[in-house]
Structure formats: C-alpha cells, structure tokens
Amino acid sequence: MIADVETKPSRVTLHDVAAAAGVSKSTVSRILDERLPPSDNPTARRVKQVAAELGYVRDISAASLRRGKTMAIGVIVPRLTDTVMAMLYEAIAKAAARTGRVALVATTDDNIDADRVAADSLLQRGVDGLILATARDGDELPTSLSKRDVPFVLALRTDGTSLSSIGDDRLGGYLATRHLLDLGHRRIGIIAGPTFASSARLRTEGYRQALEEANVAVDPALIVESSFSIEAGADAAETLMDLPERPSAIFAVNDNTAIGALSALTNRGLSVPEDMSLVGYNDIPIVSHLPTPLTTLRVPFDQIAAAALELLEQRPEEASAKLRLVAPTLIPRKSTATPFDLG
C-alpha cells in the first residue's frame, strides 16, 4: 500500500480572489497593486477583505517576469552607522515601498574599490537600478555604469554630470554663515569636511560667499578640512582653538563633526554659546536633545529620496534636468548667540 503523500496547499491566485469577491481578475489586480494609489470604495474594501481571508500573497517574482523588472533597487552608502546615511536609506526604502519596490542596501566605508564591488554584487542580484550616496572626486564608477547602460542616480553628493538628487548645499552653507554674521560674529571657523565630497565643498563655498557679501575677509586658517566623523570634528575644533586668534563661532558642515566640536569645547571648559557659537548641518534626531540644542540646517531626506526615485526612471538624455536641488532650512536653537564681547 502506498502511503498518502501530504500535498502542499496550492497558492491563492488573483483568479481565486476575483471569484470569491464576485469581480473581474483585472479589478482585483488593480486594487491590490501596491504601485497604484490605494482605492477606498465598497468594492475595494470587499476585495481586500476577501484577499486577507483567503491568505492571498502577491507573487512578486511572477509580476517581475511580466514587467521585465525585479522591483528591487540597490542603494550604496558609505556606512549605516552614519545617521545621515541611515536617514537617507530609510527615506528611499519608504518611497520605494509606496510603489511596490524594495530597496537593498550595501555599505562600503567610503572606499572606491568597495563601491565597485558593491555595485556589481547588487546588479548580479538583479536590481533594476542603483542609487549611490558615495560619489567622490576620482570615482570612475558612474562612468563605468553609464557605459554599461545601468540605470543609476547619485544622492546627497554629485559628480556634476550624472543624474543627481541632492540638498542645495551651497545655499545651506550660506544660510549657516549668514546666521552667524547676523548675530554679530566676524571671525567664523568652519569644520569643512572632506574635499572629495561635493556636499562638503559646496557648503564651504556657501560659507565663503556669505563672508564675501558681508565684506569679511576669508581667513584660510579658519578653514579646517576633516572627515565626517565625531572624532574628526573634535580634532578640527582643537585646531581652531589653538589659533593665536580663535574664532567666536564655528560652522561644522555636518552634525557629527558639530557634536565632536561640542565635546572638544566642553573638555576645554568653554561654554556654548557663551564662549563659542556652533552650527551643524543635517538636523539628525539627537542634536535637538543635546544639553545645548544645536542650531543646524534641516535637510528634507524624504524629498531627496523621492526625486532620486523619479530620476531613476529616466534616461540621462531624456531628463529635463540632471540635478534636482532640495532646499535646506535653518533651524535656530540655543547653540548660537550674539558674541559675548558685543553684549
């Protein structure tokens, strides 16, 4: 006697849901398609209820084969321990999910060779395109991807030629410095970040522009390059403090370096803003909860992510504009004030 073989329950299909709900298969497909705006009417509610009761699960692989796409996007960031990059990835993942896509992330520690390996690995997994937050001077990856006709977009940083979705960094640097000038500061140091990153360079350009407009000479000694880490911010602040004539304010081109600067100032027994005003950039969640809440520039990561996904659907030669700029907003808090000697 042949033993009974347990058979696996068959998968619930669109046809099953349509039959149970008393509507057409195309109607079910349209209502349950996550890429489309959600429907809210009696028919849609009935279809969703029936689908839930039957245990319908959308067959993404089959849908992908029909469209010739995997509905997956590769995202490459330097590191997820950097809150800015984590916030960007989260914004991309949420925006992708609203159109039925999934975002796969790879980290490369801001290493050019690792960027190339990560891109190849994601492409081997069949992603429909790449969003790169790792663009830097001397990076040949964008050119290589273009030659291979791989859809990609740069985010937060740009190389000046590829499709890019970034914050208006020059404007942000200008607003930060203008804020300090308006408070009465004239000797303003800047923790300028790494020159290989367009975000750091453009924020420094904004700093220079604001000083020049105010007829304040740009002192090269007040411009200290660094990485984007907390430790680098502390070291850069120490350099500024050791100047024969130290600044009365510091603009750090990202919040991590501003936090490092705050630590260094505190270790020297200096108070913010009584002894030194301090401005950061990005408005990561922690900076509003510091003992002295940090004045900073808020970057709308959700808008940058949405624009990046829109650009990813376009071919470079067809895009109306290769660069999407999203304006930051100055968020004044308690870390900036009029210089003490001005009252």
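Twenty-seven is the count to start from: the largest pocket is lined by 27 residues, and Val150, Pro151, Phe152, Leu312 and Gln314 lie nearest its centre. A pocket here is an open set of points on a 1 Å grid over the protein atoms alone, with protein on both sides within 12 Å along at least five of seven lines, and lining residues have an atom within 4 Å of a point. The volume of this largest pocket is about 620 Å³, a volume being the space filled by probe spheres set on grid points that are joined across faces, edges and corners. Its lining divides into 10 nonpolar, 7 polar and 10 charged residues; Ala, Val, Leu, Ile, Met, Phe, Trp, Tyr, Cys and Pro count as nonpolar, Asp, Glu, Lys and Arg as charged, and the others, Gly among them, as polar. Both β1 and α7 (141–147) supply at least two lining residues, and the largest share, 3 residues, comes from α7. Helices (H or I, at least four residues) and strands (E, at least two) are DSSP runs numbered from the N terminus.

The model is predicted, with local features needing pLDDT of at least 70 and side-chain atom pairs counting only at pLDDT 80 or more, while totals for chains, interfaces and linings use all residues. Residues are numbered from 1 along each chain as its sequence is written, and side-chain values use heavy atoms, with hydrogens and water left out. The mean pLDDT of the chain (the predictor's confidence in each residue, from 0 to 100) is 89, and 90% of the residues reach 70 or more. Over residues 1–8 the pLDDT falls below 50, and this stretch has 0 contacts beyond near neighbours in sequence, contact meaning heavy atoms within 4.5 Å. Residues 60–68 also stay under 50, with 8 contacts beyond four places in sequence. Where pLDDT is low, the predicted coordinates should not be read in detail.

Two open sheets come next. One has 6 strands in the order β2-β1-β3-β4-β5-β11, with parallel pairing; strands pair if DSSP finds at least two bridges between them. Its edge strands, β2 (102–107) and β11 (323–326), each pair on one side only. The twist averages 20° from one strand to the next, where axes are lines fitted to C-alpha atoms, for helices over the stretch in contact, and angles run from 0 to 180 degrees between N-to-C directions. Parallel strands β4 (152–155) and β5 (164–167) are joined by 2 bridges, and Ala155 has Ser165 of β5 as its bridge partner. Helix α6 (112–124) packs on this sheet, touching β1 (72–77), β2 and β3 (130–132), with its direction at about 170° to that of β1.

The other open sheet has 4 strands, ordered β7-β6-β8-β9, again with parallel pairing. Because β7 (223–225) and β9 at the edges each have a single partner strand, one side of each is left without a neighbour in the sheet. Here the twist averages 15° from one strand to the next. Strands β6 (188–193) and β8 (249–252) pair over 4 bridges, and Ile191 stands opposite Ala252 in β8. Helix α10 (230–241) lies across β6, β7 and β8 at about 150° to β6.

Two local backbone features complete the picture. The peptide bond from Val272 to Pro273 is cis, with omega near 10°, and Pro273 sits in the loop between α11 (255–267) and β9 (277–279). Asp109, in the loop between β2 and α6, has a positive phi near 55°.

How values were computed: On a 1 Å grid over the protein atoms alone, a cavity is a set of points where a 1.4 Å probe fits but cannot get out, and a pocket is an open set with protein on both sides within 12 Å along at least five of seven lines; lining residues have an atom within 4 Å of a point.
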